[in-house]
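Subject: Structure handover

Hello,

Here is the structure for you to look through. Please open it first, then read my notes below.

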Amino acid sequence: MTTGNRTSMIAASAILVHRRTLQEQVTIAYAETVPKTVTVDFSAAPSFRAVCDFVASSAVPGESDETDVDAVVRFAPDGSVDGDPAELVRLRALITDGVAHPDRPVSELRLTTGDDLAWLETVSGDERPPRPARCVHDVFADHAAATPDAVAISCAGRTLTYRDLHERAAGLAAALHGAGARPGEVVAVFGRRSPELVTGLLAILRAGCAYLALDPDDPPARHELLLRDAQAAVLLVDPAMAAPAGFTGAVVPWNARADQPVDVEVTPDHLAYVSYTSGSTGVPKGVAVPHRAISRLVVAPNWIEVVPGDVVLESAPVAFDASTVEIWTALLNGARLAILPPGPVELDRLADAVRAENVTVLLLTTGLFHHMVTAQLDCFKEVRHVLTGGDVVSPRHVKTLLDAHPHLVFTNGYGPTENTSFTTCWTIRAPLTGGSVPIGPVVSGTTLAILDPRLHPVPVGVCGEMYAGGEGVATGYLGRPKETAARFVPDPFSRRAGARMYRTGDLARWLPDGTVEFVGRIDTQVKVRGHRVEPGELEAELARRPEVAQAVVVAQPDASNGHRLLTYVVPAGPGDHAGLGARLRDRVARTLPSYLVPWAVLVVDELPLTRNGKVDRRALPAVTRSPRVLASEYVAPDTALETSVAEIWGELLGVEPVGIDDDFFELGGHSLLAADLLGIVRRRFGIDVAARTLYLGPTVRELAAAMGAEVPS
Ligand code: ADP
């Protein structure tokens with residue numbers, strides 16, 4: 001082997017380590033006449049040629065302790081390389097592509113061998129679901145005909161049978177049709193979790209329309225924006241609630257009924273729902289999901305077994321795609337859907353509902369899952385299958401759960417809304433032994449490709465971006481052809497003409513057993529309280545304000561193992577900027593949902609820049625405590641107990657100072673932080689305060705009074 005070949009082999013070894021670990025610095029040890037090491041820096045995305053040149057010129061002699069290096073290349077006396085033959089084949093594939101394309105960034109070099117491609121075929125899933133796609137309401141109707149007296153929905157002591165639900169939905173579908181709702185149109189629904197809401201969804205589908213669930217807790221400006229963006233034809237409302245103002249279409253109360261049966265043709269390609277997610281350009285995007293995508297998820301699924309007799313809890317907001325799993329997994333498999341009555345998701349209330357409803361299948365978003373395992377481990381006793389998803393799950397919590405309840409089946413589900421709730425699901429039926437919780441294999445009717453930036457598949461162990469294909473792929477973003485074309489791209493691996501795959505923006509790697517390990521995001525998207533947030537959406541909203549010249553949003557870990565949004569703004573023009581941060585936060589809260597309202601808005605003179613002129617997010621001033629942002633005057637705590645309570649709030653919420661009449665939720669508290677607060681009170685003072693007490697009396701004064709009234713346990 002020539003020196004050039006040796007150099008390529010060392011460069012290729014470094015590149016392979018980098019592609020597996022995404023490490024910016026990779027150190028390789030090797031021996032020529034004397035032992036040498038070389039450390040390659042990948043931070044500036046070098047080309048193959050640049051890495052080879054660097055290796056040739058920069059190796060330093062010296063014995064290395066092999067534990068300090070990332071890989072060792074062992075050259076035999078004849079110049080050949082010793083090592084795992086499969087690994088050598090891969091390194092040669094890399095060198096061949098590097099030599100052919102010396103100026104390509106190393107992240108774009110092809111690494112797969114023929115064996116790799118054959119193996120990937122076996123793990124990347126099947127785009128055809130086990131059963132042909134059907135409309136959601138048709139599958140439901142079959143169950144209603146087969147088991148009319150089975151209970152379909154239960155909620156706070158009320159029940160509806162499959163027959164009841166079927167008939168009510170038929171009557172409401174007729175009323176919607178009578179009000180002008182036509183196949184292919186969007187019908188918005190405004191109301192809280194209830195049997196009537198689920199009846200409404202089914203009725204909308206029977207009328208051939210797609211539902212758009214509005215979250216009643218969002219500000220009116222948000223409702224208006226979504227109704228307009230989705231061009232909702234009809235608004236279905238809870239008659240007990242004041243419907244969003246300004247809607248010009250027909251408004252139908254959800255108890256309306258008509259007799260004339262609806263006779264419309266609906267196919268699995270018709271849209272079933274629209275679910276809005278955060279958009280980086282400042283406007284939310286409506287993901288348009290057809291019936292076939294839901295059918296592929298819940299009809300004869302390979303990731304869950306749900307049978308008549310099972311009870312699935314509905315606790316997610318219906319505006320959220322986790323509800324797709326809960327509602328349709330239950331109702332399209334003959335099971336009972338137990339609806340958690342509306343109200344904040346308090347841990348003890350949730351645990352009570354799981355027990356009272358005899359829930360057997362329980363899906364909890366990741367943040368909630370962690371909290372329930374910590375605070376309500378006992379409630380999983382009678383559950384058969386626990387699923388979580390939405391964010392990176394902690395192996396420690398999974399282990400705690402499975403050690404306490406070895407009978408449980410546990411699933412970690414992964415997937416963007418654009419591929420209809422779940423793309424991959426990892427299920428375990430034994431104690432967790434390893435240190436990580438994978439996300440996959442792929443679910444039925446779905447394909448997964450992990451690709452490099454040139455859309456070449458990457459072999460096992462190498463990081464790439466996940467692309468999801470198959471029948472779960474959404475139709476696109478409603479009314480946004482450009483954004484749709486950017487994220488829903490032609491699927492070169494499909495056998496179907498015109499098939500598309502969704503580019504997730506998530507990094508992952510295949511594991512040798514064919515499962516998938518989640519690695520992280522390519523961009524700055526984060527999860528805040530289970531909601532997907534593009535910092536760009538908040539940045540754009542702030543930049544629209546005349547008093548703001550520039551805004552940057554970063555995510556910070558919060559005290560509840562989640563994220564909170566921290567905003568830096570540069571004011572437009574000179575002047576007195578006192579109170580600007582609080583005013584902006586207040587302003588944003590009037591238009592955006594609560595998870596997009598920043599924890600703090602900091603006013604700065606300028607933003608630090610990187611050498612190429614971009615905002616240097618790493619150099620932004622660190623902030624762990626935000627100044628108090630409420631409009632009401634600060635009143636100091638009085639007693640020792642009030643002072644302690646205010647201090648705990650300050651720690652948890654990262655706010656100072658905390659006044660005696662400040663509202664926990666107005667200061668940025670939410671249900672998971674409320675659970676943490678009550679946990680701290682229990683541990684530090686031995687006092688059990690019910691979550692309801694905090695919700696009814698959310699100030700320092702009221703909580704301290706409630707604690708004072710309790711006898712320490
Ligand atoms: P979901 O309802 O699954 O939260 P979203 O569309 O709101 O759907 O968010 C999807 C994103 O959430 C994914 O692209 C990924 O970044 C993250 N995500 C979802 N599930 C998981 C998981 N199990 N592990 C890690 N990240 C996840």
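Start with the sheet made of five strands. This is a predicted model, and in it the strands line up in the order β3-β2-β1-β4-β5. The sheet is open, and its pairing is mixed. Which strands are at the edges? They are β3, residues 60-61, and β5, residues 81-82. Each of these two pairs on one side only.

Now look at β1 and β4. Strand β1 covers residues 25-31, and strand β4 covers residues 71-75. They pair in the parallel sense, over three bridges. To find one bridge, pick A29: its partner in β4 is V72.

A helix goes with this sheet. Helix α2, residues 48-58, lies across β2 and β3. Strand β2 spans residues 35-41, and α2 runs at about 140° to β2.

Next, the ligand. How many residues surround the ligand? The count is 16, and the closest are D321, T417, D506, K527 and R532. By type, the shell holds five nonpolar, five polar and six charged residues.

Three polar contacts are worth finding on screen:

- R532: a polar atom of its side chain lies 2.6 Å from an oxygen atom of the ligand.
- T417: an N or O atom in its side chain is 2.7 Å from an oxygen atom of the ligand.
- D391: here a polar backbone atom is 3.1 Å from a nitrogen atom of the ligand.

How much of the ligand does the protein bury? On its own, the ligand exposes 540 Å², and the protein buries 93% of that. Two elements give two or more residues each to the shell: β19, residues 409-414, and β26, residues 516-521. Strand β19 makes the largest contribution, with three residues.

Move on to another sheet. Three strands form it, in the order β29-β30-β31. This sheet is open too, with mixed pairing. Why do β29 and β31 each have one side without a neighbour in the sheet? Both stand at the edges with a single partner strand, so one side of each is left free of a neighbour there. In numbering, β29 is 548-557 and β31 is 600-603. Neighbouring strands in this sheet are turned by 25° against each other on average, ignoring direction.

Strand β30, residues 563-571, runs parallel to β31, and four bridges join the two. One pair to look for is L566 with its bridge partner A600 in β31.

Two helices pack on this sheet. Helix α15, residues 535-543, touches β29 and β30. Its direction makes about 150° with that of β29. Helix α16, residues 580-589, touches β29, β30 and β31. The direction of α16 makes about 140° with that of β31.

Last, two backbone details. Most residues other than glycine have a negative phi, and most peptide bonds are trans. Keep that in mind for the next two places.

Leucine L455 has a positive phi, near 65°. You will find L455 in the loop between β21, residues 446-451, and β22, residues 464-470.

The other place is the bond between E656 and P657. That peptide bond is cis, with omega about -5°. P657 sits in the loop between β33, residues 655-656, and α18, residues 671-685.

Best wishes

Key: Residues numbered from 1 in each chain as written. Predicted model: local features only at pLDDT ≥ 70, side-chain atom pairs only at ≥ 80, totals over all residues. Heavy atoms only, no water. Pairing = 2+ DSSP bridges. Contact = heavy atoms within 4.5 Å. Axes fitted to C-alpha atoms, helices over the stretch in contact; angles between N-to-C directions. Near = heavy atom within 4 Å. Polar contact = N/O pair within 3.5 Å; in protein donor to acceptor, adjacent residues only side chain to side chain. Areas by Shrake-Rupley, 256 points an atom, 1.4 Å probe, with all protein chains shown as cover. Nonpolar A, V, L, I, M, F, W, Y, C, P; charged D, E, K, R; others polar.
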